[in-house]
There are 2 protein chains.
Amino acid sequence: VTSPVRYRAVVAYLGTRFHGWQEQKNAARTVQAVLAAALRPLAREAVRVEGASRTDAGVHADGQVVHFDLPRRREPRAVRDGANDRLPEDVRLLSVEEAARDFHARFDAAWKEYVYRWSRAAVIAPRDAPFVAPLSPRADAARMREAAAALPGRRDFRVFAVSTPAGEPTVRTLTRVAIEEDGDELRAVLCGDGFLRGMARSICGVLADASRGRVPADRIARLLASGDRRLLCSKAFARGLTLRRVVYEPDRPPEDRPGALHSSP
Amino acid sequence: VTSPVRYRAVVAYLGTRFHGWQEQKNAARTVQAVLAAALRPLAREAVRVEGASRTDAGVHADGQVVHFDLPRRREPRAVRDGANDRLPEDVRLLSVEEAARDFHARFDAAWKEYVYRWSRAAVIAPRDAPFVAPLSPRADAARMREAAAALPGRRDFRVFAVSTPAGEPTVRTLTRVAIEEDGDELRAVLCGDGFLRGMARSICGVLADASRGRVPADRIARLLASGDRRLLCSKAFARGLTLRRVVYEPDRPPEDRPGALHSSP
């Protein structure tokens, strides 16, 4: 009798043509479904792929982490290449390694890093357009930074979440919120132990409006204090958001990770 | 009686879904034809767009330069935005300025810069895949550099050209050939006063084979000395090549360029 073997993989995808991460009953094109279909011939049975983050439609990933089981042990490199041969060009397994039997991509994640990109240029080059949201040329990094200062810490982020089920805990810790300026580009880098549904884009919507002076810099503090969703700005476009990496900490010792090809990016 | 006004524009495009720059009789999707169609409503007549470089199918541009005439003077910014509103998402006018009446994007170009990108990674991320050609993980930057050393200078590059018409001059000057290494990525930056048809990709094909040790480092010197096309390697994939910029030098004095929005990238 052989027991199934668990694998952990780092996955990159362009969110543009996906209806998000999570498999849906209506046969929409989702990353989870496309990965499961590519792994099925390797498993010779249905494969369930769990992701660390259930990214929304249009959101990209440079370093999503997933786990899945195969009924028999296979070389991680053969799993990676076999799946990539079958995947469409907008999703790739960057690396595959064997994981501990109880490794869980979502529950074991220590923290995640998202980046949101805006361009203040009059014209966005075709190369950047799928990854960048437009922003007024008058948007100001200092104002965005001032508004972002209220975010880091352990807080109830419910006001930024979309359709939170009753009873679901909504306290999360944002460990780092950095506003980066690079010529015409502005970026918000958000690191935290978890993100509620819609939270990253709701926050970035307020940051964008604050950078243009359309809402006062204390808007985020007031949102967090009051929980009043009427103070919320419109969500930022999905195309600007990328899940950059998922970090597992304390990471398992190397002897628990045979056949590692790469570490997370 | 009004006389037509000449405009100069910097254009960026993804080559992936274009059959190259040059308009064809068979209604293939070309950058030149798509630009002419987007400008026609602004001119209310047919517009002929001349490009500095006739890039091949699949080749990208970050800074192609073009010129065209409109029957009446219009604000350069209105020309830029009017055309961009009508252009498909894979091509954009980055900037438009009024040009001297006799400015010619191709004949007046002093030099052009192309960059070719290879990745030695086992997996190329979807974000990079349209712009990068795969290369063996064993490819070596030092060997590529050694092979490239024979290129710079004023030489007859006919051996690297595809279907050169009889009598066409084939002497060009390559002013700079730099091999850049950046993690798994290798890049060849080629600057020159002109490139024969197919020349950049033929050169990059030899550079790739030299980096893998498949041809000796003196292959380029022998090709140039002998003109023997049997020593040529296969052309590098179009997707790896990008026209980065076109430089006009000595550039016209500012008083000849009213309404400048941007300089070339």
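**Exercise 1. Helix α1 of chain A**

Task: Compare the reach of helix α1 (residues 31-43) of chain A with the span expected at 1.5 Å a residue, and determine which elements its buried residues pack against.

Solution. Helix α1 of chain A comprises 13 residues, and from its first C-alpha to its last it reaches 18 Å, close to the 18 Å expected. The structure examined here is a predicted model. The next step is to list the buried residues of α1(A): A:Val31, A:Gln32, A:Val34, A:Leu35, A:Ala36, A:Ala38, A:Leu39, A:Leu42 and A:Ala43. These buried residues pack against four elements of chain A, namely β1 (5-13), β3 (60-70), α2 (76-86) and β4 (91-98). Finally, A:Arg44, just after α1(A), takes a positive phi of about 55°.

**Exercise 2. Helix α4 of chain A**

Task: Establish how many residues of α4(A) are buried, and describe the backbone of A:Gly213 just after this helix.

Solution. Helix α4 of chain A spans residues 199-211; its 13 residues reach 18 Å between the first and last C-alpha, close to the expected 18 Å. Of these 13 residues, 13 are buried, and the helix is thus described as mostly covered. Just after α4(A), the phi of A:Gly213 is positive, at about 75°.

**Exercise 3. The nonpolar cores**

Task: Identify the residues with the most contacts inside the largest nonpolar core, and examine the surroundings of B:Phe68.

Solution. The largest nonpolar core contains 83 residues, and the most contacts inside it belong to B:Leu35, B:Phe68, B:Trp118, B:Phe160 and B:Leu207. With neighbours within four places in sequence set aside, B:Phe68 is in contact with B:Val5, B:Arg6, B:Tyr7, B:Ala9, B:Leu39, B:Val47, B:Arg48, B:Val49 and B:Val79. A second, separate core has 82 residues, including A:Leu35, A:Val65, A:Ala83 and A:Cys204. In soluble globular proteins, nonpolar side chains tend to be buried together.

**Exercise 4. Symmetry and interface**

Task: Determine which relation connects chain A with chain B, and characterise the contact between the two chains.

Solution. Chain A is superposed on chain B by a rotation of 180° with 0.0 Å of shift along the axis, at an RMSD of 0.0 Å. This is the relation of a two-fold axis. Among the residues of chain A, A:Arg127 comes closest to the rotation axis, its C-alpha lying at 4.8 Å.

The contact draws 21 residues from chain A and 21 residues from chain B. Since 100% of the interface residues of chain A are also interface residues in chain B, the copies meet through the same surface. About 1500 Å² is buried between the chains, with 63% given by carbon and sulfur atoms. On the chain A side, A:Val123, A:Pro126 and A:Arg127 lose the most area to chain B, together 46% of what that side buries.

Between chain A and chain B, 2 salt bridges are counted. B:Arg127 forms a salt bridge with A:Asp62, in which the closest N and O atoms are 3.1 Å apart.

**Exercise 5. Two individual residues**

Task: Decide whether A:Ala100 is buried or exposed, and do likewise for B:Glu113.

Solution. A:Ala100 is located in the loop between β4 and β5 (111-119) of chain A. Its relative accessibility is 16%; the limit for a buried residue is under 20%, so A:Ala100 counts as buried. The C-alpha atoms of A:Ala100 and A:Ala149, which are 49 residues apart along the chain, are separated by 38 Å.

B:Glu113 belongs to strand β5 (residues 111-119) of chain B. With a relative accessible area of 6%, B:Glu113 is buried. Not counting residues up to four places away in sequence, B:Glu113 touches B:Arg176, B:Val189, B:Leu190, B:Cys191, B:Thr242, B:Leu243, B:Arg244 and B:Arg245.

Definitions and conventions:
Residues are numbered from 1 along each chain as its sequence is written. Chains are lettered from A and ligands numbered from 1 in the order in which they are written. This is a predicted model: local features need pLDDT of at least 70, side-chain atom pairs count only at pLDDT 80 or more; totals for chains, interfaces and linings use all residues. Side-chain values use heavy atoms; hydrogens and water are left out. Copies are superposed by least squares on the C-alpha atoms of residues with pLDDT of at least 70 in both. Contact means heavy atoms within 4.5 Å. Helices (H or I, at least four residues) and strands (E, at least two) are DSSP runs, numbered from the N terminus. The expected span of a helix is 1.5 Å times one less than its number of residues. Buried means under 20% relative accessible area, exposed over 50%, partly exposed in between (1.4 Å probe, protein chains only). A nonpolar core is a set of buried Ala, Val, Leu, Ile, Met, Phe, Trp, Tyr and Cys residues joined through side-chain atoms within 4.5 Å. Buried area is the accessible area (1.4 Å probe) that two parts lose on being put together, summed over both. A salt bridge is a side-chain nitrogen of Lys or Arg within 4 Å of a carboxyl oxygen of Asp or Glu.
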